[in-house]
Structures are given as structure tokens and as C-alpha cells.
Amino acid sequence: MKINWKVRFRNPVFLGQLLLTVFGPVLVYYGLVPTDITSFPALIELLKDAFSNPFVIGTMIYGFYNAVTDPVTAGLSDSRQALTYDKPKDDRWKGMK
């Protein structure tokens, strides 16, 4: 499994996916909204509880798998082209001239 981690961590969409992969299942499982977490001690306690819960951990693993895999390539690796990138490819405006 070859993945261009350097480029992935430079992509804000990927970072958002990872953030939601961790906090989404925690908030849903415990029935919370982000405004319910009002202090760092409360956040740390919530994360301790979540990481001791097999269901929440399984949900996080599933979300991480979905964030990492590229649905347009076969298998789990990035494409040969994507492995050569130094930064995320930005072709949003290509062909819209």
C-alpha cells in the first residue's frame, strides 16, 4: 500500500476528513454537539471514554479507511501519478475558460 502521505497532509480536505473521522462518531455516540464541549478537561475526558469504547473505535477505523482510500484507483494505493506529487493537484479551473 503506497500512499503519498506528505501530500495528503497538505490537503485541507483530507485534514477535515480526519477531524470528522475522530470527532463525528464521538459526538454522535454521546449525543453531543460541539458547543457542549466547553473546556479542555471535558474534551480529554470525552476522548478517553471514546477510545475505550470498541464501537466508537470501529466507527473511527471505518471513517479513516474511507478517508484514505482513493475510489478511482484499484486497490488501496495511490495512483502512480499521485505518488509523484509534491503538493495537492489544483485543477479546479481547468477546462472552464
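**Entry 1: the pocket**

I began with the largest pocket, which has 18 lining residues; Val-7, Arg-8, Asn-11, Asp-70 and Pro-88 lie nearest its centre. I then looked up which elements give two or more residues to this lining, and found α1 (5-8), α2 (12-30) and α4 (54-68). Of the elements, α2 gives the most, with 4 residues. For the volume of the largest pocket I noted about 510 Å³. I should record here that I am working from a predicted model.

Next I sorted the lining by residue class. How many of the lining residues are nonpolar, polar and charged? I got 10 nonpolar, 4 polar and 4 charged.

**Entry 2: the whole chain**

I listed the secondary structure and found 5 helices and 0 strands. Read from the N terminus, the order of elements is α-α-α-α-α. I then compared the radius of gyration, 17 Å, with the 13 Å that the globule rule gives for 97 residues; the chain value is well over the rule, so the chain is more spread out than a compact globule. Along the principal axes, I read a box of roughly 45 × 30 × 20 Å for the C-alpha atoms.

I also looked up burial and surface. Of the 97 residues in the chain, 25% are buried. The accessible surface comes to about 7,400 Å², and carbon and sulfur atoms hold 65% of that. For contacts with a separation of 6 or more, I noted that 68% join residues 24 or more positions apart.

**Entry 3: the segment before α1**

I picked two residues here, Ile-3 and Asn-4. Is Ile-3 buried or exposed? I count Ile-3 as buried, because its relative accessibility is 10% and the cut-off for buried is under 20%. Asn-4 has a relative accessible area of 9%, so I put Asn-4 down as buried too.

Which residues does Ile-3 touch, not counting those up to four places away in sequence? I listed Arg-8, Val-68, Leu-76, Asp-78 and Leu-83. Arg-8 I had already met among the residues nearest the pocket centre. With neighbours within four places left aside, Asn-4 is in contact with Asp-78, Ala-82, Leu-83, Thr-84 and Tyr-85. Asp-78 and Leu-83 therefore appear on my lists for both Ile-3 and Asn-4, where contact means heavy atoms within 4.5 Å.

I also took a distance from this segment to α2. Ile-3 and Val-26 are 23 residues apart in sequence, and their C-alpha atoms are 27 Å apart in space.

**Entry 4: helix α3**

I moved to helix α3 (residues 40-51) and looked up Leu-46. Leu-46 is buried, at a relative accessible area of 10%. Leaving aside neighbours within four places in sequence, I found Leu-46 in contact with Val-26, Tyr-30, Leu-32 and Ile-37. Val-26 is the residue I had paired with Ile-3 for the distance above.

Ala-42 is also in helix α3. Is Ala-42 buried or partly exposed? I put Ala-42 down as partly exposed, because its relative accessibility is 35%, and partly exposed runs between the 20% and 50% cut-offs.

I finished with two separations from this helix. Between the C-alpha atoms of Leu-46 and Pro-71, which are 25 residues apart along the chain, I read 32 Å. Ala-42 and Ala-67 are likewise 25 residues apart in sequence, with 27 Å from C-alpha to C-alpha.

Key
Residues are numbered from 1 along each chain as its sequence is written. This is a predicted model: local features need pLDDT of at least 70, side-chain atom pairs count only at pLDDT 80 or more; totals for chains, interfaces and linings use all residues. Side-chain values use heavy atoms; hydrogens and water are left out. On a 1 Å grid over the protein atoms alone, a cavity is a set of points where a 1.4 Å probe fits but cannot get out, and a pocket is an open set with protein on both sides within 12 Å along at least five of seven lines; lining residues have an atom within 4 Å of a point. Grid points are joined across faces, edges and corners, and a volume is the space filled by probe spheres set on the points. Ala, Val, Leu, Ile, Met, Phe, Trp, Tyr, Cys and Pro count as nonpolar, Asp, Glu, Lys and Arg as charged, and the others, Gly among them, as polar. The radius of gyration is taken over C-alpha atoms; the globule rule is 2.2 Å times the number of residues to the power 0.38. Buried means under 20% relative accessible area, exposed over 50%, partly exposed in between (1.4 Å probe, protein chains only). Accessible areas come from the Shrake-Rupley method with a 1.4 Å probe; for residues, only the protein chains shown count as cover.
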